[in-house]
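Reader: I have a new model open. Please show me how to read its main features, one by one.

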Protein chains: 2
Amino acid sequence: MAVRKGKVINNIRRIRLARTALTQVELAAMVGATRQTIIAIEGGKYAPSMELAFRIARAFGEPFEDVFEFDPDG
Amino acid sequence: MAVRKGKVINNIRRIRLARTALTQVELAAMVGATRQTIIAIEGGKYAPSMELAFRIARAFGEPFEDVFEFDPDG
DNA sequence: GATTTACGTAAAATATGTTTGACATTGAAA
DNA sequence: TTTCAATGTCAAACATATTTTACGTAAATC
């Protein structure tokens, strides 16, 4: 039984709308990514790179682990 | 002037040796990665994926942001 | 001095994340 | 009812992360 890899969950959409009221385009610009990337990450298509993840948390002014959570059983 | 991307710094080597006294092979096995990956990440060749980063922090029993830090000006 | 353990380098192949560009849908506003 | 902003889908190209395999070195130990 190989090591469990888990899943990273993000609260980007919730925070973007509830706390900051940014559009995807605005957020993308703030963090130096494209709209497609924001869409894909919000939609759970894949997890962002570490660099992008930190930039997003900073753009929100939220602690990293409030934006990104780890589900070890995912 | 494009958005600054910053750099992710990790304290894996320090924690691995000082706190847990694990070898690279042992750590790799614990987190489901290869020795090469641990070497590359410790050596700053690249940042790990989010999933791997969370697994490493958990393997150490350390808070995520104690293991991985963001340098916005890197 | 041969063997073993831990760490390092390097390169090719594969997997995952990011960009670019084009087009579709929905709701709000003119 | 048309226009526009925001969101979504899709696919190809590109960049980065990870694995696999092989070989090199230094220190400890037999």
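**Reading the DNA contacts**

Author: Start with one contact to DNA strand D: a backbone N or O atom of B:Thr34 sits 3.0 Å from a phosphate oxygen of that strand. Keep in mind that this is a predicted model.

Reader: Which side-chain atom of B:Thr37 approaches DNA strand D, and what does it face?

Author: A polar one. It lies 2.5 Å from a phosphate oxygen of DNA strand D.

Reader: Which part of DNA strand D does the side chain of A:Gln36 approach?

Author: A base. The distance from a polar side-chain atom of A:Gln36 to a base oxygen of DNA strand D is 3.1 Å.

Reader: How do I read the balance between backbone and bases on DNA strand D?

Author: Take the strand atoms within 4 Å of the protein and sort them. For DNA strand D, 57% are sugar or phosphate atoms, and the rest belong to bases.

Reader: How many residues surround DNA strand D, and which are closest?

Author: There are 18. The closest are A:Arg13, A:Gln24, A:Arg35, B:Thr37 and B:Tyr46. By class, this surface has seven nonpolar, eight polar and three charged residues.

Reader: Which helices supply at least two residues each to the surface near DNA strand D?

Author: Chain A gives helix H1 (12–20) and helix H3 (35–42); chain B gives helix H3 (35–42).

**The other strand**

Reader: Now DNA strand C. Which residues come nearest?

Author: A:Thr37, A:Tyr46, A:Ser49, B:Gln24 and B:Arg35, out of 18 residues around DNA strand C. Sugar and phosphate make up 58% of the atoms of DNA strand C within 4 Å of the protein. The surface near DNA strand C comprises seven nonpolar, eight polar and three charged residues.

Reader: Which helices supply at least two residues each near DNA strand C?

Author: H3 of chain A, plus helix H1 (12–20) and H3 of chain B.

Reader: What polar contacts reach phosphate oxygens of DNA strand C?

Author: Among them are three. A polar backbone atom of A:Thr34 is 3.0 Å from one. For a polar side-chain atom of A:Thr37, the distance is 2.6 Å. A side-chain N or O atom of B:Arg16 is 3.2 Å from a phosphate oxygen.

**Symmetry**

Reader: How do I read the relation between chain A and chain B?

Author: Superpose one on the other, then inspect the turn and the shift. Here a turn of 180 degrees with a shift of 0.0 Å along the axis lays chain A on chain B, at an RMSD of 0.0 Å. That is the relation of a two-fold axis. Both copies use the same surface: 100% of the contact residues of chain A recur in chain B.

**The largest pocket**

Reader: What lies in and around the largest pocket?

Author: Its space is about 160 Å³. The lining includes A:Ile41, A:Tyr46, A:Phe68 and B:Glu51. Strand S1 (residues 7–10) of chain A gives the most, with four residues. By class, the lining has seven nonpolar, two polar and three charged residues.

Terms used:
Residues numbered from 1 in each chain as written. Chains lettered and ligands numbered in written order. Predicted model: local features only at pLDDT ≥ 70, side-chain atom pairs only at ≥ 80, totals over all residues. Heavy atoms only, no water. Near = heavy atom within 4 Å. Polar contact = N/O pair within 3.5 Å; in protein donor to acceptor, adjacent residues only side chain to side chain. Nonpolar A, V, L, I, M, F, W, Y, C, P; charged D, E, K, R; others polar. Least-squares fit on C-alpha atoms with pLDDT ≥ 70 in both. Contact = heavy atoms within 4.5 Å. 1 Å grid on protein atoms, 1.4 Å probe; cavity = no way out; pocket = protein on both sides within 12 Å on 5 of 7 lines; lining within 4 Å. Points joined across faces, edges and corners; volume = space filled by probe spheres on them.
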